[in-house]
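This report introduces a single protein chain to a reader who has not met it before. It treats an enclosed space, a histidine and a set of charged pairs in turn.

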Amino acid sequence: MIHVHKKECDSTQDLAASLTADSNESLLVSCEKQVKGAGQRGRKWISADQSLAPSFNARPAEIYTLTSLEMAVLAKKFIWERFKKEVLFKWPNDLYTKERKKCGGILIQGQTDRLIIGIGLNLFLRTKTAPEELKDKIAGILDHKTDIDIKESSFQFYSFVADNRLPANLIKCLWLQSCVHLNRKVKILEGGKSIEGVFMGLGNNGQCLLKTSKGLSEFYSASLIIDP
């Protein structure tokens, strides 16, 4: 396995993708500071004062479309083992603190048997450094900045994922146990449309099951807003 670690990097996802294209080796890319990280649907990822942002190539989950949910579950397990902090999930790929603030996310690229998987995790975030419109919406999992070896922690996360891949039925079960909006009213944004309903769980392929006034609807790729 090749581990590329940078003091500063525009995007570990982009670097991992470019390096993977030229090699068949297992690859991990990490950095001390990511300055142009990306989130779901091309949104900008706001890097915290201290964060983990590793990207690596790996095979998809047993059911391909469950990969981001599997990575969220494994991230939760790793965060508890490494930092003794609890995180929750928001569909389809966000990590939340117990205070219902976003602290991380999963980003996956590729359509083959070898994906580029990335996690952005806010370890410590000073509220004053966050954009004004996000100060009440994002957070870090730690109460203060600590002495953390980012390179080693990124490798530990990569190793944890490689050693603990999950079967499909367990992915769904564990993900739902920590879903921040299960059986709660949410809003789905898809294709310029806004649909409100109650999040009822996951379909076999990880799709959102939404109970609306018209019955049960399924969404495979959309934005979800809690507390609409």
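In what follows, a cavity is a set of grid points where a 1.4 Å probe fits but cannot get out, and a lining residue has an atom within 4 Å of such a point. The model described here is predicted.

**The second largest cavity**

Two cavities of 30 Å³ or more are present in the structure. The second largest has a volume of about 50 Å³. Its lining is made up of Leu 52, Pro 54, Ala 75, Phe 78, Ile 79, Ile 119, Leu 121 and Phe 157. Two elements, α2 (67-83) and β8 (115-124), each give two or more residues to this lining. The largest share, three residues, comes from α2. In character, the lining comprises eight nonpolar residues, with no polar and no charged ones.

**His 181 and its surroundings**

The loop between α4 (168-177) and β9 (185-190) contains His 181. Is this residue, His 181, buried or exposed? His 181 counts as buried because its relative accessibility is 0%, and the cut-off for buried is under 20%. A polar atom of the His 181 side chain lies 3.1 Å from the backbone nitrogen of Trp 91. Leaving aside residues up to four places away in sequence, His 181 touches Phe 89, Lys 90, Trp 91, Trp 175, Val 186, Phe 199, Leu 224 and Ile 226.

**Salt bridges**

Side chains of opposite charge can pair when their charged atoms come close. The structure holds nine salt bridges, and the table gives three of them.

| Salt bridge | N to O distance |
|---|---|
| Asp 94 and Lys 90 | 3.3 Å |
| Arg 100 and Asp 227 | 2.8 Å |
| Lys 185 and Glu 196 | 3.3 Å |

Lys 90, which is among the residues touched by His 181, is buried, as is its partner Asp 94.

Arg 100 forms its salt bridge with Asp 227. Arg 100 sits in the loop between β6 (94-96) and β7 (102-109), and Asp 227 in the segment after β13 (223-226), so the pair ties together parts that are 127 residues apart in sequence. Arg 100 counts as partly exposed because its relative accessibility is 26%. Asp 227 is also partly exposed, with a relative accessible area of 45%.

The salt bridge between Lys 185 and Glu 196 links strand β9 to strand β10 (residues 193-202), and therefore ties together parts that are eleven residues apart in sequence. Glu 196, at 37% relative accessibility, counts as partly exposed. Salt bridges with shared partners also join Lys 90, Asp 94 and Lys 102 into one network.

Notes. Residues are numbered from 1 along each chain as its sequence is written. This is a predicted model: local features need pLDDT of at least 70, side-chain atom pairs count only at pLDDT 80 or more; totals for chains, interfaces and linings use all residues. Side-chain values use heavy atoms; hydrogens and water are left out. On a 1 Å grid over the protein atoms alone, a cavity is a set of points where a 1.4 Å probe fits but cannot get out, and a pocket is an open set with protein on both sides within 12 Å along at least five of seven lines; lining residues have an atom within 4 Å of a point. Grid points are joined across faces, edges and corners, and a volume is the space filled by probe spheres set on the points. Helices (H or I, at least four residues) and strands (E, at least two) are DSSP runs, numbered from the N terminus. Ala, Val, Leu, Ile, Met, Phe, Trp, Tyr, Cys and Pro count as nonpolar, Asp, Glu, Lys and Arg as charged, and the others, Gly among them, as polar. Buried means under 20% relative accessible area, exposed over 50%, partly exposed in between (1.4 Å probe, protein chains only). A polar contact is a pair of N or O atoms within 3.5 Å; within protein, one must be able to donate a hydrogen and the other to accept it, and residues adjacent in sequence count only if both atoms are side-chain atoms. Contact means heavy atoms within 4.5 Å. A salt bridge is a side-chain nitrogen of Lys or Arg within 4 Å of a carboxyl oxygen of Asp or Glu.
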